[in-house]
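Me: I'm new to this one, so could you walk me through a few of the labels? I'd like to hear the reasoning behind each.

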Amino acid sequence: MNARRRRNPLPTRPRVAIVGANFAGLRAAQGLGPEFDVTVFDPSPWFEWLPNIHELVSGVKRPADLRLPRKRLVAAAGHRFVRDAVTAIDAKRGTLATAAGVAHEFDYCIVAVGGVEETYGVRGVERHALPFKSVEQCAAIGRRLATLLQGRAPRSIVIVGGGFAGVEALGEILRRYRSRANLALHVVEAGPRLMAGVSPKVDAAVRKHVRPYAVRIHAGVPVAAITPAAVRLQSGERIRSDLTIWAGGGVAPPLLHAAKLAPKPRQWAPVDATLRSRRHHNVFVIGDAAALPRPVPKQAFHALEMGECAAANVRRAAAGRALRPYRPSRTPMLVAFGDLDTFLVAGRSVVANPALAAGKEAVFQVTMAQIDPPSSVQALGGLASRVIGVTRRLAPSK
Ligand SMILES: Cc1cc2nc3c(=O)[nH]c(=O)nc-3n(C[C@H](O)[C@H](O)[C@H](O)COP(=O)(O)OP(=O)(O)OC[C@H]3O[C@@H](n4cnc5c(N)ncnc54)[C@H](O)[C@@H]3O)c2cc1C
């Protein structure tokens, strides 16, 4: 053994801080080995499978179907999980601070904080509308709907936002409650039609499916305000509402600008093709939070791929090797419309078929098993019971 090794038997491991541990951040953590000293921060204890949270509204899925414990997943990857929100990142100094007052040093930081609810400055959203962005929020909507629709009093439900989340919310309410004669449903969308970014076929198919029911779609009319019992439109119309669901999309969280990763508030953080921050070379920004040179849709699959790419690039940077660009796969999106239809959206082309629901379920089950590979008979049993339980609830009722 030489003298140098005797003085320092364990070479220092590069310190990596990962901020946010859902799709992008968790996959990055899983891509880094024991040669790194990795700490993962997230205020929530659960990894959440967001692409299927609409199913909590109808009760087809339960919160436990869509959640995995972060602490266990991060520990299985050999790293440390800190249940805390990061409030500041100083990339120049290589430090971050958390809400609980913890100060932490890093050599590399991977920022995977996703987005926050976009309210467009509409009055009353936070106080009087239920958001549609997490397991807890969608489960709360499901509970509120069940209570509201217990009796026979006429009920009016308004969904604000006719993007994929709003369409999926509408489909789940119809799946469970479409036979109720006392239910009126409204979807309000500022754009010219439902899911305006994709082929008009989706809008046409949804309108056809809802024709037998008391559903009104108000497209091209922005919302002016939300009050406790109504949604007011900029056109002057007032829609009575017993429950307002806000599915208005996402915007960049304040941390990105505060950490000088984004030039302006509400902007996603610009990165180069290797996912490295354009402003700080020791920071990678991945998943929904990143603004790529060639934008990709904000989808879970891309977030997972970016997590893998960032982990590989941290390994390369630490070894003094050249970084590799992120090359997104072409991935279609499956948008469910309850049990009435499912749309496979690939760019501008759309295929509609209720049988595609099985494909969406398969993607969910397979990817959850990849994120949390069953490592024991008990874990395998847990996976099996999740699949069986969900399959039973998905089966059409006789
Ligand atoms: C209703 C809905 C339906 C969707 N349907 C689909 C679909 O069908 N298919 C699809 O591909 N995609 C879908 N998406 C999009 C997909 O969920 C996102 O693209 C994906 O979640 C992005 O992953 P992410 O890891 O970048 O961010 P997120 O999943 O948003 O995770 C961000 C994480 O960062 C944490 N965090 C935030 N701030 C901090 C902080 N300051 N400190 C520490 N941690 C922090 C959060 O707690 C969270 O865990 C849907 C999204 C929603 C909301």
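Me: Why is strand E23 called largely enclosed by the rest of the structure?

Reply: Keep in mind that this is a predicted model. Buried means under 20% relative accessible area. In E23, residues 333-337, 4 of the 5 residues are buried, so the strand is largely enclosed by the rest of the structure.

Me: How do you know that E23 and strand E24 pair?

Reply: Pairing takes at least two bridges, and 5 bridges join E23 to E24 (residues 341-346). The two run antiparallel, with valine 335 standing opposite phenylalanine 343 in E24. Between the strands of this hairpin sit 3 residues, and glycine 338 takes a positive phi near 55°.

Me: What makes E23 an edge strand?

Reply: Look at the order in the open sheet of 3 strands: E23-E24-E25, with antiparallel pairing. E23 and strand E25 (349-352) each pair on one side only, and that puts them at the edges. E24 and E25 are joined over 4 bridges, and there leucine 344 stands opposite valine 351 in E25. Helix H9 (residues 200-210) lies across E23, E24 and E25, at about 175° to E24.

Me: Why is there no bond between the sulfurs of cysteine 109 and cysteine 309?

Reply: A disulfide needs sulfur atoms within 2.5 Å. The sulfur of cysteine 109 is 16 Å from its closest cysteine sulfur, in cysteine 309, so that's too far for a bond. The structure holds 0 disulfides.

Me: And why is cysteine 109 called buried?

Reply: The cut-off is under 20% relative accessible area, and cysteine 109 has 0%, so it counts as buried. Cysteine 138 is buried too, at 0% relative accessibility.

Note on methods: Residues numbered from 1 in each chain as written. Predicted model: local features only at pLDDT ≥ 70, side-chain atom pairs only at ≥ 80, totals over all residues. Heavy atoms only, no water. Buried < 20%, exposed > 50% of the residue type's maximum accessible area, 1.4 Å probe, protein only. Contact = heavy atoms within 4.5 Å. Axes fitted to C-alpha atoms, helices over the stretch in contact; angles between N-to-C directions.
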